[in-house]
Amino acid sequence: RARGVLFLIGGDIALARAVAADGVHFPSRMIAGIAPARDLVVTAACHGAADLALAHRQGADAAFLSPVFATQSHPGSPFLGAARFRILAAAALLPVLALGGVGCANSRALKGKNVAGIGAIGAFEN
């Protein structure tokens, strides 16, 4: 907290509260089960327009939309690309963060309406 970093627990509201986490992150398969949690930040992993709409209806505060670009963790998997990501983010009814293959070189291409930020793993390892 001193560094301004949020601590989110994966998919378990009770555990998030028990350990005084800032919030909970739900994988896409769990979006339909998101319960209201006004005392926690709630994020959802989304992979398209239907997931984004469901996350909004279920009360998520923000969504991580992925994969935006090709990733080392899922080689050969289809990805959205910058233009499709920006279109989906602009149409979403909640803040959207980009995830999947995002790094310094391509993150600028993601600027647009309702784009709240990025999430990354590999970009922070380099």
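## Surface and charge

Accessible areas are obtained here by the Shrake-Rupley method with a 1.4 Å probe. On this basis, the accessible surface of the protein amounts to about 7,400 Å², and carbon and sulfur atoms account for 59% of that surface. The model under discussion is a predicted one.

The protein carries 11 positive and 6 negative charges. The mean position of the positive charges and that of the negative charges lie 10 Å apart.

## Overall architecture

The protein contains five helices and six strands. Read from the N terminus, these elements follow the order β-α-β-β-α-β-α-β-α-β-α. The radius of gyration is 14 Å, close to the 14 Å that the globule rule gives for 126 residues, so the protein is as compact as a globular protein of that length.

The C-alpha trace extends over about 40 × 30 × 25 Å along its principal axes. Of the 126 residues in the protein, 37% are buried. Among the contacts with a separation of 6 or more, 33% join residues that are 24 or more positions apart.

## Residue V41 in strand β3

V41 belongs to strand β3, which covers residues 41–46. The relative accessibility of V41 is 28%, and therefore this residue counts as partly exposed; the partly exposed class lies between the limits of 20% and 50%.

Once neighbours within four places in sequence are set aside, the contacts of V41 are with L6, L8, D22, G23, V24 and D61. One of these partners, D61, stands 20 residues from V41 along the chain. The C-alpha atoms of V41 and D61 are separated by 6.3 Å.

## Residue N106 in helix α4

N106 is located in helix α4, a helix made up of residues 104–107. Is N106 buried or exposed? With a relative accessibility of 19%, N106 counts as buried, because the buried class comprises values under 20%.

A polar atom of the N106 side chain lies 2.8 Å from the backbone nitrogen of G103. When residues up to four places away in sequence are not counted, N106 touches F69 and G101.

## The two residues side by side

The two sites may be summarised together. V41, in strand β3, is partly exposed at 28% relative accessibility, whereas N106, in helix α4, is buried at 19%. Beyond their sequence neighbours within four places, V41 has D61 among its contacts, and N106 has F69 among its own.

Terms used:
Residues are numbered from 1 along each chain as its sequence is written. This is a predicted model: local features need pLDDT of at least 70, side-chain atom pairs count only at pLDDT 80 or more; totals for chains, interfaces and linings use all residues. Side-chain values use heavy atoms; hydrogens and water are left out. Helices (H or I, at least four residues) and strands (E, at least two) are DSSP runs, numbered from the N terminus. Buried means under 20% relative accessible area, exposed over 50%, partly exposed in between (1.4 Å probe, protein chains only). A polar contact is a pair of N or O atoms within 3.5 Å; within protein, one must be able to donate a hydrogen and the other to accept it, and residues adjacent in sequence count only if both atoms are side-chain atoms. Contact means heavy atoms within 4.5 Å. The radius of gyration is taken over C-alpha atoms; the globule rule is 2.2 Å times the number of residues to the power 0.38. Lys and Arg count as positive and Asp and Glu as negative; His and the chain ends are not counted. The place of a charge is taken as NZ of Lys, CZ of Arg, CG of Asp or CD of Glu.
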